[in-house]
Amino acid sequence: MEESLPITILISATVVAGIAAQVLAGYFHIPSIVLLLLFGILLGRDGFDFLDPSLLGIGLEVVVSLSVALILFEGGLNLQLGELKEVSSSLRNLVTFGVLITLTGAGMAACWLSEFPWSIAFLYASLEVVTGPTVINPLLKQIGVEKKVSTLLEGEGVFIDPIGAILAVIVLHFVLSGNVEPLILIKGLVLRLGIGVAIGIAGGWLLSQLMKQDQFLSQELKNLVVLASVWGLFSLAQVLRGESGLVVAVVMGIVLRASNLPSESLLRKFNEQLSILANSVLFILLAADLSIASVFALGWGSVLTVLVLMLIVRPINILISTWNQGFNWQQQLFLSWVAPRGIVAASLASLFAVSLTKQGINGGDSIKALVFLTIMMTVFFQGLTAAWVASLLDLRLVDQIDQNSLQATTDDVNSQKDVDKNSLISDLIES
């Protein structure tokens, strides 16, 4: 009992700090990741040194994997395929051409500005392909952006995370092995996607049929059966091919949402709470393990790298992906500005740093530091200004409703004036 006490305190304190950050973020109407990063750093080794994630050992990788699976499943569960039809072409472009644009642009920026070797630069770039659905979705709900824009951003976050994660793992294998043919890389990507989609569709359909059997499955057990199924099939896919489990989690969520389950609202609430808990724990642990000195050691070149990613690479990505797709310049500008990175990038960067260090390859700590610098800059600059930018571009539903209400009021006043004028004329004629 004495030996396990430090780990017990670590887990308990992490949960308390994570939920406290979520509560305060909700109260002050700011992205929760801002306070999660701040609390994690303050409680970590470069702060008060109260949290030491290294106590978990390899268990940290287990926590990361299962938590990311939950987060991606919750993202898929919140997607509505009917709403995606309007932006399907742009979404397809973002998760195909957009991935290549981000990979190329971020890789060149990291090599030329941060002075990373090409292999390490493109490993960083593969991690930055993903966005952050756990950051974007609450942010969009908070500021109330018009549906077409929010649907595209939410869809991009959910679909691009597993694709980016698989791509990052393939690039990592290339860095560790030193020589892999491009055809093998493409084959690995397609194979992982295929396994994930097949298991996700089959598992999601079977689970949806089971969830509809009220006489066999009590209401109290339904949510837990879903949780067990997601983790079980995620692990099965991981055994067959690494990182294909992330695709399984997303596809299962989409299939269950499309199945019109009678208990869908309860399931979504349950998984939303689990996702918030997983996101809170992960960010606190990963931020606590971050060396602030390594972030400052990157220099101004790395700040320029992130700025290039935000201000050049992302706008080019959006412009090409949404070309002739019915988006006006205000919508394209907002889509270009809002692309915060989140937990998937942070989790993979932490795991990759360990893998590179074990193989005696330099650059693991630098990649982790640059990824966290990217998360900080995108979240602080984009997350905290998203509402202001949306209002400036007239994309907030609240502003549009207010304008419509004002117009309706003006019309009513003008109508009333016309009625009063006609009444006065009628009275004069009668007199």
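The exercises below work through a helix pair, the cavity, two pockets and two buried residues of a predicted model.

Residues are numbered from 1 along each chain as its sequence is written, and side-chain values use heavy atoms, with hydrogens and water left out. Because the model is predicted, local features need pLDDT of at least 70 and side-chain atom pairs count only at pLDDT 80 or more, while totals for chains, interfaces and linings use all residues.

**Exercise 1.** Describe how helix H9 packs against helix H10.

Step 1. Locate the helices: H9 covers residues 147–177 and H10 covers residues 182–211. Helices (H or I, at least four residues) and strands (E, at least two) are DSSP runs, numbered from the N terminus.

Step 2. Take the geometry. The angle is about 145 degrees and the axes are 10 Å apart; axes are lines fitted to C-alpha atoms, for helices over the stretch in contact, and angles run from 0 to 180 degrees between N-to-C directions. H9 passes H10 in a right-handed crossing (near helix turned clockwise from the far one by less than a right angle; anticlockwise would be left-handed).

Step 3. List the residues in contact (heavy atoms within 4.5 Å). H9 brings Ile-163, Ile-166, Leu-167, Ile-170, His-173 and Phe-174, and H10 brings Leu-185, Gly-188, Leu-189, Arg-192 and Leu-193.

Step 4. Sort them by class: 8 are nonpolar, 2 polar and 1 charged. Here Ala, Val, Leu, Ile, Met, Phe, Trp, Tyr, Cys and Pro count as nonpolar, Asp, Glu, Lys and Arg as charged, and the others, Gly among them, as polar.

**Exercise 2.** Characterise the largest cavity and its lining.

Step 1. Fix the terms. On a 1 Å grid over the protein atoms alone, a cavity is a set of points where a 1.4 Å probe fits but cannot get out; a pocket is an open set with protein on both sides within 12 Å along at least five of seven lines; lining residues have an atom within 4 Å of a point. Grid points are joined across faces, edges and corners, and a volume is the space filled by probe spheres set on the points.

Step 2. The structure holds 1 cavity of 30 Å³ or more, and the largest cavity has a volume of about 60 Å³.

Step 3. Its lining includes Thr-102, Glu-156, Arg-314 and Arg-341. Helix H15 (300–321) gives the largest share, 4 residues. By class there are 4 nonpolar, 3 polar and 3 charged residues.

**Exercise 3.** Set out the volumes and linings of the two largest pockets.

Step 1. The largest pocket has a volume of about 830 Å³ and 40 lining residues, with Asn-137, Pro-138, Leu-139, Lys-141 and Glu-272 nearest its centre. H8 supplies the largest share, 9 residues. The classes are 17 nonpolar, 15 polar and 8 charged.

Step 2. The second largest pocket has a volume of about 530 Å³ and 20 lining residues, with Leu-100, Leu-103, Leu-167, Leu-185 and Leu-189 nearest its centre. H10 supplies the largest share, 6 residues. The lining has 18 nonpolar, 2 polar and no charged residues.

**Exercise 4.** Are Ser-150 and Pro-340 buried or exposed?

Step 1. Buried means under 20% relative accessible area, exposed over 50%, partly exposed in between (1.4 Å probe, protein chains only).

Step 2. Ser-150, in helix H9, has a relative accessible area of 6% and so is buried.

Step 3. Pro-340 lies in the loop between helix H16 (329–337) and helix H17 (343–358). Its relative accessible area is 1%, so Pro-340 is buried. The C-alpha atoms of Pro-340 and Ile-136 are separated by 7.0 Å, although their positions lie 204 residues apart along the chain.
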